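Student: I have not seen this structure before. Could you take me through it step by step?

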Amino acid sequence: MPTRRRLKIEQIGLTKHEEFLQSVNQLQKIREGSMVLTSEILQLNQSIQASTEKLAGQKENLVETKSIKQNIAEASEALKESLKILHAVNQAHDLIRKRNTMLP
């Protein structure tokens, strides 16, 4: 009779041992999957950082371009005003010439 109990206990122990080994194998697979995901997250983080740096550079260029555009617009407006003044001066010279040619 003690032999039967011992065999039963050994059988239960073997069954639990197999379940334990299966659990250890599952944990190992989960750990490997976790390491793969961590690596992918690090790569994604690097990609996001590179994209962010690229966008920052593009923003800087855009701000500079807008500043240049504003400077060009202001210079163009100043030239238009200068042309108006030159046109008025030319008209005044023409009037003076006409007057001088009409005088004896």
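**Starting from one leucine**

Tutor: Leu21 is partly exposed, with a relative accessible area of 39%. Keep in mind that this is a predicted model.

Student: Which helix is the place of Leu21?
Tutor: Look along the chain around Leu21. The helix there covers residues 2–102. Leu21 falls in that range, in helix H1.

Student: Which residues form a nonpolar patch on the surface, and what is their accessible area together?
Tutor: Leu21 is one of the members. Phe20 and Val24 join Leu21 in the patch. Together the accessible area of Phe20, Leu21 and Val24 is about 270 Å².

Student: How many helices and strands does the protein have?
Tutor: Take the strands, then the helices. The strand count is zero. The helix count is one.

Student: What is the radius of gyration of the protein?
Tutor: Begin with a reference. A compact globule of 104 residues would have a value near 13 Å. The C-alpha trace here spans about 155 × 15 × 10 Å along its principal axes. The radius of gyration of the protein is 44 Å.

Student: How far apart in space are Leu62 and Ile30?
Tutor: Leu62 lies in helix H1. Leu62 and Ile30 are 32 residues apart in sequence. In space, C-alpha to C-alpha, they are 47 Å apart.

Student: Is Leu62 buried, partly exposed or exposed?
Tutor: Buried means under 20% relative accessible area, and exposed means over 50%. Leu62 has 47% relative accessibility. That value lies in between, so Leu62 counts as partly exposed.

Student: What share of the residues is buried?
Tutor: The share is taken over the 104 residues in the protein. Buried residues make up 0%.

Student: What percentage of the area that the protein exposes do carbon and sulfur atoms supply?
Tutor: The protein exposes about 10200 Å². Carbon and sulfur atoms supply 61% of it.

Student: How far apart do the centres of the positive and negative side chains lie?
Tutor: Count each set. The protein has 16 positive and 12 negative side chains. The centres of these two sets lie 5 Å apart.

Student: Which side chain meets Lys84 in a salt bridge?
Tutor: The count comes to two salt bridges. Lys84 is exposed, at 54% relative accessible area. Its partner lies three residues away in helix H1, about one turn of the helix. At 3.4 Å, N to O, the partner is Glu81.

Student: Which side chain meets Asp94 in a salt bridge?
Tutor: Asp94 is partly exposed, with a relative accessible area of 38%. Its partner is three residues apart in helix H1, so about one helical turn separates the two. The N to O distance is 3.0 Å, and the partner is Arg97.

Conventions
Residues are numbered from 1 along each chain as its sequence is written. This is a predicted model: local features need pLDDT of at least 70, side-chain atom pairs count only at pLDDT 80 or more; totals for chains, interfaces and linings use all residues. Side-chain values use heavy atoms; hydrogens and water are left out. Patches are made of residues with over 30% relative accessible area and no salt bridge: like charges are joined within 9 Å, nonpolar side chains (Val, Leu, Ile, Met, Phe, Trp, Tyr) within 5 Å. Accessible areas come from the Shrake-Rupley method with a 1.4 Å probe; for residues, only the protein chains shown count as cover. A salt bridge is a side-chain nitrogen of Lys or Arg within 4 Å of a carboxyl oxygen of Asp or Glu. Helices (H or I, at least four residues) and strands (E, at least two) are DSSP runs, numbered from the N terminus. Buried means under 20% relative accessible area, exposed over 50%, partly exposed in between (1.4 Å probe, protein chains only). The radius of gyration is taken over C-alpha atoms; the globule rule is 2.2 Å times the number of residues to the power 0.38. Lys and Arg count as positive and Asp and Glu as negative; His and the chain ends are not counted. The place of a charge is taken as NZ of Lys, CZ of Arg, CG of Asp or CD of Glu.
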